[in-house]
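New to this one? Here's a quick briefing to read alongside the picture.

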Amino acid sequence: MFTGHVSNEKFSIRLLCTTKVTKTMANCMTHYSFFTIFAIVSSIFAFTKAMNNGFSIDLIHRDSPNSPFYDPSLSFTERMSNSFHRSFNRSISLCSRSSSAVVASNNGEYLMKYSIGTPPVRTLGVADTGSDLTWTQCLPCKNCFKQQSRFFNPKKSSTYKPLPCHSKMCHANFPTSCNMTKKTCGYQIMYGDHSYSIGDLATETIRFGSSRNKQVKLKKTVIGCGHNNAGSFSGDKESGIVGLGGGKFSLISQMGSSIGGKFSYCLAPLFQHKTYIPKSKIHFGTNGFVSGDEVVTTPLAVKFPATYYYLTLEGVSVGKNRLDFRNVSFSFGEGNIIIDSGTVLTLFSPEIYVKLEGMVKSAIKLPTVVDPTGSLSLCYKSVSIDKIPIITMHFIGADVRLGPWNTFVETSDSSICFAFAGSYGGQIYGNIAQMNFLVGYDLNSKTVSFKATDCSK
């Protein structure tokens, strides 16, 4: 277990963490877009005054008591074990090479509340920075998974407008179809785990509650209205996905100039509190701007698919010892790592991971133990805070210093393990490494910024 305190910039955190992980490993990074079903279209939005000054929304962690997924019968260790299992499954989906399916994970880590239609119907969706299309289950349901909230009935909404077959969105490199009778456009989304959503493309009004308790209204937002949805969706919980990816028709891109292309999130550490999980936040517009002397900024790499946010990682340092990726040609290159809020661990190619693990092991001169879960390879029985080296991620133009809570997790009451893993062909910067950082995205400037922040406050 962790002992002691550690300071990162302006704040101190007591590290208390418990988790398990599964054995599944990702094995590739070449992939097809989560949802690239749209081509560019001009969308008209009407926002309340809250939008003019920016707005913020709670991100509900799946394991929070505020989440419908919360199971009080599970121990903290069991919840974290399930979280890692979802993460590894997601990494496999992110790296699928299938060209006939949208490669996405429906089991994200954070949820968002919103309303859809007029009159508004309350909905809970998975907030996904690795997806573009925002979709929800709709009546009539030919084959739908169960959900706690009532199904959205487009016939009862005065603002629901099906997209016509001749619209640009109906001609994309993702499976769409034209209903020749109704002359409206349909979509099909196939996930890497063979889950799917089939329905109609439409424009609709979406409403969010802001941090100031004012409502933010987005008119004529392109959505998917799913009538046939099945697979490994959790059921009884979420109603669909909120697409926050970088594609031109994600919710972020559809907001466009109204938010200045800016959003940010601050993920509260899961391991600091065993009895509860502090709320995380996502900010849009002026609220999403990250500023200050301690901010570091790195460019977004432009790669296909545009859904994902690609960064370029030049190397990693353990203490004062640096592993330069330019000396490992397989893993170095522009856009060589995806930053993803829905993947828990940080994953490197095996050749990078083996070298990095050796550096960490040399820095922590303590006996190692076997991970009881059999999943992570570098584990200790107990580690004092002052024994854990600072690990720095060297992105282009931005050195991000990680604290121990970003690099180690407890896998049992008697083991603590390095929260990085090997992945054949794929590299992902996961959410443990991002916790207690304000992470800001500027799609106009094509940059991502990091600022060490106490996200639990």
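Which strand is Lys220 found in? Lys220 sits in strand S12, which covers residues 215-230. Keep in mind that this is a predicted model. Lys220 comes up again below, after a look at the whole chain and one of its sheets.

**The big picture**
- The protein chain has 6 helices and 32 strands.
- It runs to 457 residues, and 61% of them count as buried.
- About 18,000 Å² of the protein chain is exposed, with carbon and sulfur atoms supplying 52% of that area.
- Take the contacts between residues at least 6 apart in sequence: 73% of them join residues at least 24 apart.

**A four-strand sheet and its helix**
- Strands S22, S23, S28 and S27 line up in that order as an open sheet with antiparallel pairing.
- The edges belong to S22 (368-369) and S27 (408-412); each has a single partner strand, so one side of each has no neighbour in the sheet.
- Inside the pairing of S23 (residues 379-380) with S28 (residues 415-418), 2 bridges do the joining, and Tyr380 stands opposite Ile416 in S28.
- Helix H4 (residues 350-363) packs on this sheet and touches S22, S23, S27 and S28. The direction of H4 makes about 130 degrees with that of S28.

**Backbone oddities**
- As background, most residues other than glycine have a negative phi, and most peptide bonds are trans.
- Thr118 and Pro119 are joined by a cis peptide bond, with omega about 5 degrees. Pro119 belongs to the loop between strands S5 (110-116) and S6 (121-128).
- Another cis bond runs from Leu139 to Pro140, with omega near -5 degrees; look for Pro140 in the loop between strands S7 (135-137) and S8 (161-162).
- Back to Lys220: its phi is positive, near 50 degrees, though it isn't a glycine. Lys220 counts as partly exposed because its relative accessibility is 49%.
- Asn436 isn't a glycine either, yet has a positive phi of about 65 degrees. You'll find Asn436 in the loop between helix H6 (431-434) and strand S31 (437-442), and it is buried, with a relative accessible area of 0%.

**A closer look at Asn406**
- Asn406 is part of helix H5 (residues 404-407).
- Is Asn406 buried or exposed? Asn406 counts as buried because its relative accessibility is 1%, below the 20% cut-off.
- The side chains of Asn406 and Trp405 share a polar contact of 3.1 Å.
- Leaving aside residues up to four places away in sequence, Asn406 touches Phe420, Ile432, Ala433, Gln434, Met435 and Phe437.

Technical notes:
Residues are numbered from 1 along each chain as its sequence is written. This is a predicted model: local features need pLDDT of at least 70, side-chain atom pairs count only at pLDDT 80 or more; totals for chains, interfaces and linings use all residues. Side-chain values use heavy atoms; hydrogens and water are left out. Buried means under 20% relative accessible area, exposed over 50%, partly exposed in between (1.4 Å probe, protein chains only). A polar contact is a pair of N or O atoms within 3.5 Å; within protein, one must be able to donate a hydrogen and the other to accept it, and residues adjacent in sequence count only if both atoms are side-chain atoms. Contact means heavy atoms within 4.5 Å. Accessible areas come from the Shrake-Rupley method with a 1.4 Å probe; for residues, only the protein chains shown count as cover. Two strands pair if DSSP finds at least two bridges between them. Axes are lines fitted to C-alpha atoms, for helices over the stretch in contact, and angles run from 0 to 180 degrees between N-to-C directions.
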